Amino acid sequence: MSLDLDPTPLAGTTLAAGQMLPDVVFTDARTGRRWRPSQLRQRAAQVLCFLHDDCRPCDGVLARLDEREADLRWSDAEVRAVRASPTDGPFPVLLDPEGRVCRRLLGPDGRRPTLIVTDRYTAVADAYPAPEHAFPEVDTVLRSLRLLACDCE
């Protein structure tokens, strides 16, 4: 998968394919420490799941990703949920209580559920907005991750 730079934002985001995630600041729900995407560079591909709090469909997409843990591991990928408040779940939670980061990355209506896939350098590869909670099939997300894992650098 070539990350050719095209300035057109991906659907549901303010980010273009190939653009590095801005070094925005979240709070790690587990530790309370500040967390930045740059901390992940050269570690693993990422699936950032921008989700609603206390929402069954949003929790459901995390459960479906968790069921495919072996595929995520094969793709050398990590999943993180981005929410307004702490919650239990299978993946680490990054907090954005005021929605500032969500608005910066997703646009003015920053609370729409959206999945963003990045490579291990935090360059944006794909985005999957989920209007009305119509999340993509997990295989679609895994396909993006497999292409990143097989891409020559």
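Biologist: Let's start with Thr122: does this residue count as buried or exposed?
Modeller: In this predicted model, Thr122 is found in the loop between β6 (114-118) and β7 (124-129). Its relative accessibility is 1%. Buried means under 20%, so Thr122 counts as buried.

Biologist: What is the phi of Thr122?
Modeller: Thr122 is not a glycine. Even so, its phi is positive, at about 70°.

Biologist: Which residue other than glycine has a positive phi near 65°?
Modeller: Look in the loop between β7 and α4 (138-150). The residue there is partly exposed, with a relative accessible area of 27%. The residue with this phi is His133.

Biologist: Back in the loop between β6 and β7, which residue makes a polar contact with the side chain of Tyr121?
Modeller: Tyr121 has its place in that loop, and at 26% relative accessibility it counts as partly exposed. The polar contact runs between side chains over 2.7 Å. The partner of Tyr121 is Arg120.

Biologist: How far apart are the C-alpha atoms of Tyr121 and Ala45?
Modeller: Along the chain, Tyr121 and Ala45 are 76 residues apart. In space, their C-alpha atoms are separated by 7.6 Å.

Biologist: Moving on to charges, how many salt bridges does a search of the whole structure find?
Modeller: A salt bridge here needs a side-chain nitrogen of Lys or Arg within 4 Å of a carboxyl oxygen of Asp or Glu. With that cut-off, the number found in the whole structure is nine.

Biologist: Why does the salt bridge of Arg43 with Glu78 tie together parts that are apart in sequence, and by how many residues?
Modeller: The closest N and O atoms of Arg43 and Glu78 are 2.8 Å apart. Arg43 lies in the loop between β2 (34-35) and β3 (45-50), whereas Glu78 lies in strand β4, so the pair ties together parts whose separation in sequence is 35 residues.

Biologist: Are the two ends of that bridge, Arg43 and Glu78, buried or exposed?
Modeller: Arg43 has a relative accessibility of 45%, and Glu78 has a relative accessible area of 22%. Values between 20% and 50% belong to the middle class. Therefore Arg43 and Glu78 each count as partly exposed.

Biologist: Which residue forms a salt bridge with Arg68?
Modeller: Arg68 is partly exposed, with a relative accessible area of 25%. Its partner is also partly exposed, at 26%. The closest N and O atoms are 2.7 Å apart, and the partner is Asp71.

Biologist: How far apart are the closest N and O atoms of Glu98 and Arg100?
Modeller: Glu98 is partly exposed, with a relative accessible area of 47%, while Arg100 is exposed at 58%. The two form a salt bridge, and the distance between their closest N and O atoms is 3.6 Å.

Biologist: Which residues are joined into one network by salt bridges that share partners?
Modeller: One link is the salt bridge of Arg43 with Glu78. Glu78 also has a polar contact of 2.8 Å with the side chain of Arg80. The network is made up of Arg43, Glu78 and Arg80.

Biologist: What is the relative accessible area of Arg80?
Modeller: Arg80 sits in strand β4. Leaving aside its neighbours within four places in sequence, its contacts include Trp35, Leu40, Val47, Cys49 and Leu94. Arg80 is buried, because its relative accessible area is 7%.

Biologist: Arg80 also lines the second largest pocket, so what volume does that pocket have?
Modeller: Rolling a probe the size of a water molecule over the atoms shows where empty space is left. Among the lining residues of this pocket are Asp28, Arg30, Asp88 and Phe91. By class, the lining has five nonpolar, two polar and four charged residues. The volume of the pocket is about 160 Å³.

Biologist: Pro86 is another of the lining residues; which residues does it touch, not counting those up to four places away in sequence?
Modeller: Pro86 lies in the loop between β4 (77-83) and β5 (93-95) and counts as exposed at 57% relative accessibility. Its C-alpha atom and that of Asp96, 10 residues apart along the chain, are separated by 9.8 Å. The residues Pro86 touches are Ala29 and Leu95.

Technical notes: Residues are numbered from 1 along each chain as its sequence is written. This is a predicted model: local features need pLDDT of at least 70, side-chain atom pairs count only at pLDDT 80 or more; totals for chains, interfaces and linings use all residues. Side-chain values use heavy atoms; hydrogens and water are left out. On a 1 Å grid over the protein atoms alone, a cavity is a set of points where a 1.4 Å probe fits but cannot get out, and a pocket is an open set with protein on both sides within 12 Å along at least five of seven lines; lining residues have an atom within 4 Å of a point. Grid points are joined across faces, edges and corners, and a volume is the space filled by probe spheres set on the points. Ala, Val, Leu, Ile, Met, Phe, Trp, Tyr, Cys and Pro count as nonpolar, Asp, Glu, Lys and Arg as charged, and the others, Gly among them, as polar. Helices (H or I, at least four residues) and strands (E, at least two) are DSSP runs, numbered from the N terminus. Buried means under 20% relative accessible area, exposed over 50%, partly exposed in between (1.4 Å probe, protein chains only). Contact means heavy atoms within 4.5 Å. A polar contact is a pair of N or O atoms within 3.5 Å; within protein, one must be able to donate a hydrogen and the other to accept it, and residues adjacent in sequence count only if both atoms are side-chain atoms.
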